[in-house]
Amino acid sequence: MKISADIQAFQARLGHEFSQPELLLRALTHSSISSPTRPDNQRLEFLGDRVLGLTMAEALFEADKSASEGQLAPRFNALVRKETCADVARQIDLGAVLKLGRSEMMSGGRRKEALLADAMEAVIAAVYRDAGFDVAKALVRRLWGKRIDRVEDDARDPKTALQEWAQARGQKPPQYTEVSRKGPDHAPVFTIEVTLESGEAERSEANSKRQAEQAAAKALLQKLEAAHG
């Protein structure tokens with residue numbers, strides 16, 4: 001199969017040249033442009049999620065032989081969550097080669113975190129199907145790189161950590177409020193405020209509500225830690 005120059009360039013960025021390039025093309029095909037003769041990447045995404053999960057579980061298991069399951073689980077979640085997958089996708093400019101339908105393209109699909117994360121998992125599965133688990137594992141470890149070494153000992157996401165902080169002090173769960181939304185539909189910016197029952201609050205903005213909520217929770221946690229030690 002002859003592949004285009006942009007796909008060849010992506011293979012170089014990815015660090016894997018496919019012997020079955022049709023696997024890569026399927027991994028890059030979003031459901032918005034799929035057809036009976038052009039399957040989308042959802043099945044590969046399902047498989048890639050499992051390949052990524054096993055790779056990260058093994059890496060963490062080997063890296064800290066004294067860590068308990070309770071310590072390993074949040075580190076694992078931090079490495080496989082959608083935000084991390086999308087970050088790796090941006091690192092290799094996966095968005096530039098996504099195959100999208102017109103409406104998805106017009107709405108900024110190449111930059112959407114969910115689409116990038118799903119496609120990243122599909123690409124991992126494509127490498128696995130093309131060359132086997134050892135090659136896929138090596139590729140994932142290389143792409144995730146220092147993220148694996150730097151994953152925090154307590155890698156709970158900030159929203160979970162803030163809720164636990166509040167519950168430990170007998171407070172109700174934090175409240176998240178959308179303060180504003182600005183920008184075009186394809187690139188919105190949300191401002192979210194998180195408030196505790198005791199009155200402490202912080203605001204943050206991001207391109208998705210989830211990201212803004214996490215950023216606000218992280219900012220408030222840092223404020224609380226500074227105040228309470």
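**Entry 1: strand pairing**

I started at β3 and looked up who sits across from Phe190: its bridge partner there is Ala206. I am working on a predicted model, where local features need pLDDT of at least 70, side-chain atom pairs count only at pLDDT 80 or more, and totals for chains, interfaces and linings use all residues. Residues are numbered from 1 along each chain as its sequence is written, and side-chain values use heavy atoms, with hydrogens and water left out.

For my own bookkeeping, helices (H or I, at least four residues) and strands (E, at least two) are DSSP runs, numbered from the N terminus. Two strands pair if DSSP finds at least two bridges between them.

β2 and β3 (residues 201-206) pair in the antiparallel sense, over six bridges. They form a hairpin with five residues between them. In that turn I found Gly199 with a positive phi of about 105 degrees.

Then I went one strand back. β1 (residues 175-182) and β2 (residues 189-195) are joined by seven bridges and also run antiparallel. I checked one pair here: Ser180 has Thr191 in β2 as its bridge partner. This hairpin has six residues between its strands, and Gly183 in the turn has a positive phi of about 90 degrees.

**Entry 2: the whole sheet**

Which strands are at the edges? I first wrote down the order: three strands, β1-β2-β3, in an open sheet with antiparallel pairing. The edge strands are β1 and β3, since each pairs on one side only. From one strand to the next the twist averages 20 degrees.

Helix α11 (residues 209-228) packs on this sheet and touches β1, β2 and β3. I count a contact when heavy atoms are within 4.5 Å. The direction of α11 makes about 145 degrees with that of β3. Axes are lines fitted to C-alpha atoms, for helices over the stretch in contact, and angles run from 0 to 180 degrees between N-to-C directions.

I picked Gln214 in α11 for a closer look. With a relative accessible area of 10%, Gln214 is buried. My cut-offs: buried means under 20% relative accessible area, exposed over 50%, partly exposed in between (1.4 Å probe, protein chains only). Leaving aside neighbours within four places in sequence, Gln214 is in contact with Asp157, Pro158 and Lys159.

UniProt lists residues 157-226 as "domain: DRBM", from an unreviewed entry. I note that UniProt positions are given in the numbering used here, feature names are shortened, and annotations may be inferred rather than shown by experiment. That span is 41% helix and 30% strand, and its end C-alpha atoms lie 19 Å apart.

**Entry 3: the annotated binding site**

Next I pulled up the UniProt "binding site" annotation, again from an unreviewed entry: it covers Glu45, Asp118 and Glu121. They span 77 residues in sequence, yet no two of their C-alpha atoms are more than 5.8 Å apart, so they gather at one spot.

Is Glu45 buried or exposed? At 18% relative accessibility, Glu45 counts as buried. Glu45 lies in helix α3 (residues 42-63). Not counting residues up to four places away in sequence, Glu45 touches Lys82, Asp118, Glu121 and Ala122.

Glu121 sits in helix α7 (residues 113-131) and is buried at 3% relative accessibility. With the same sequence neighbours excluded, the contacts of Glu121 include Leu44, Gly48, Val80 and Cys85.

**Entry 4: α3 against α7**

α3 has 22 residues and reaches 31 Å from its first C-alpha to its last, close to the 32 Å expected at 1.5 Å a residue. The expected span is 1.5 Å times one less than the number of residues. Among the buried residues of α3 I listed Leu44, Val51, Met56 and Leu60. What covers the buried residues of α3 includes α2 (21-27), α4 (69-80), α5 (82-91) and α7.

I then checked the packing angle: the axes of α3 and α7 come within 7 Å and cross at roughly 80 degrees. The two helices are therefore roughly perpendicular. The bins I use are under 35 degrees for roughly parallel, over 145 for roughly antiparallel, 65 to 115 for roughly perpendicular, and oblique for the rest. On the α3 side of this interface I see Leu47 and Leu52, among others, and on the α7 side Ile124 and Tyr128 are included.

**Entry 5: an odd phi**

Last, Asp93: its phi is near 50 degrees, a positive value in a residue other than glycine. Asp93 is in the loop between α5 and α6 (102-106), and at 39% relative accessibility Asp93 counts as partly exposed.
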